[in-house]
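Me: Please take one part of this predicted model and examine it closely. I would like a connected account of its surroundings and of its charged side chains.

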Amino acid sequence: MRRRAGAALAAGALLLSVTACSEDGSGAPTARPSPKASAPSARPAPVWRTAPASIAALGDSITVGFDACTVLSDCPEVSWSTGTSPEVDSLARRLLERPAGHSWNLARTGALMSDLPDQVDAAEAHRPELVTVLIGANDACRSEVHAMTPASAFRADFTRAMKKLRKTLPRTQVYIAAVPDLMRLWSEGRKNPLGKQVWQLGICGSMLRDPDDLTDTATERREEVRDRVKAYNKALEEVCAEDSLCRFDPEVFDYRFTERQLSSWDWFHPGVRGQGELAEMAFRTITRKGPVA
């Protein structure tokens with residue numbers, strides 16, 4: 001009798017246990033869902049700021065205002081990026097409340113793209129909110145066409161510079177100006193007899209040598225230089241596009257400048273008016289709201 005009672009009690013306990021495990025009351029055991037791992041919250045995309053508080057300018061002779069004020073001399077006060085001249089109205093004057101002490105011109109006359117990583121190192125100490133870059137003309141302006149920087153090397157050096165900048169200055173915005181159209185420089189500058197004489201001293205021989213030579217050979221040489229500049233600009237645009245805080249400005253190549261914007265000392269570098277035009281183009285790109293097409 002005791003054995004039957006014990007068996008009945010055990011059976012009842014088992015029935016209660018199974019019923020408690022049932023979600024729908026049917027008596028069939030239902031597996032409880034395992035808790036899902038919480039998905040990591042996505043970081044918001046960096047937002048481009050149209051009013052940076054500090055600027056570091058990197059690049060070559062164009063950015064230090066070479067031959068814009070006096071012959072064979074840098075003139076950083078008229079630089080399109082960080083200059084102090086009201087005649088140019090540089091980016092620093094337009095964007096910064098206090099340009100003095102909050103802008104630095106680290107460009108160097110004669111610089112090549114291979115020099116840009118070292119200029120990035122110099123910028124790191126200042127922690128700028130915006131870095132401007134205009135470089136590449138010297139890579140195409142060589143004594144001969146075969147001496148131009150290969151497009152692959154140009155891209156590799158620019159990529160290296162951007163990686164270094166992003167590693168040390170992760171929140172800094174970058175404005176990249178296209179390499180100017182050297183073919184237009186030839187077509188405009190050759191209108192001035194004095195300019196052509198100055199070019200004979202060896203300025204940008206790959207493009208400007210024998211400016212009145214219109215033979216097929218000379219034309220092909222100039223076209224090869226222009227094609228190389230286009231390849232440089234393609235590299236600048238594509239590498240910049242991989243960085244959410246980088247803006248590339250093709251307008252610097254497309255701009256239809258005239259000899260009025262060129263230096264009256266060499267008819268090659270931008271004069272004061274040319275520096276002002278560069279500042280205006282950069283200002284439009286940097287202050288544009290939303291993505292740049």
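Reply: The following account concerns helix H6 and then turns to salt bridges in this predicted model.

Helix H6 spans residues 182–189, and seven of its eight residues are buried, so the helix is largely enclosed by the rest of the structure. The buried residues are Leu182, Met183, Arg184, Leu185, Trp186, Glu188 and Gly189. The elements that cover them include helix H4 (137–140), helix H7 (193–199), helix H8 (205–208) and helix H9 (216–241).

Two of the buried residues of H6 carry charged side chains that pair with each other. Arg184 and Glu188 form a salt bridge, with 3.5 Å between the closest N and O atoms. Both residues belong to helix H6 and are four residues apart, which corresponds to about one turn of the helix. Arg184 and Glu188 are both buried. In general, side chains of opposite charge can pair when their charged atoms come close.

The start of H6 involves Asp181. A side-chain oxygen of Asp181 comes to within 3.1 Å of the backbone nitrogen of Met183. Asp181 also takes part in a salt bridge with Arg226, in which the closest N and O atoms are 3.0 Å apart. This pair connects distant parts of the chain: Asp181 is in the loop between strand E4 (173–177) and H6, whereas Arg226 is in helix H9, 45 residues apart. The two partners also fall into separate accessibility classes. Asp181 has a relative accessibility of 5% and therefore counts as buried, the limit being under 20%. Arg226, with a relative accessible area of 22%, is partly exposed.

A further salt bridge involves loops that adjoin H4 and H8, two of the helices named above as covering H6. Glu144 pairs with Arg209, and the closest N and O atoms are 3.6 Å apart. Glu144 lies in the loop between H4 and helix H5 (151–168), and Arg209 lies in the loop between H8 and H9; the pair links distant parts of the chain, 65 residues apart. Both partners are partly exposed: the relative accessible area is 34% for Glu144 and 28% for Arg209.

These pairs belong to a wider set, since the count comes to 16 salt bridges when a side-chain nitrogen of Lys or Arg must lie within 4 Å of a carboxyl oxygen of Asp or Glu. Elsewhere in the chain, salt bridges link Asp89, Arg93, Arg94, Glu251, Glu280 and Arg284 in a network.

Terms used: Residues are numbered from 1 along each chain as its sequence is written. This is a predicted model: local features need pLDDT of at least 70, side-chain atom pairs count only at pLDDT 80 or more; totals for chains, interfaces and linings use all residues. Side-chain values use heavy atoms; hydrogens and water are left out. Buried means under 20% relative accessible area, exposed over 50%, partly exposed in between (1.4 Å probe, protein chains only). Contact means heavy atoms within 4.5 Å. A polar contact is a pair of N or O atoms within 3.5 Å; within protein, one must be able to donate a hydrogen and the other to accept it, and residues adjacent in sequence count only if both atoms are side-chain atoms.
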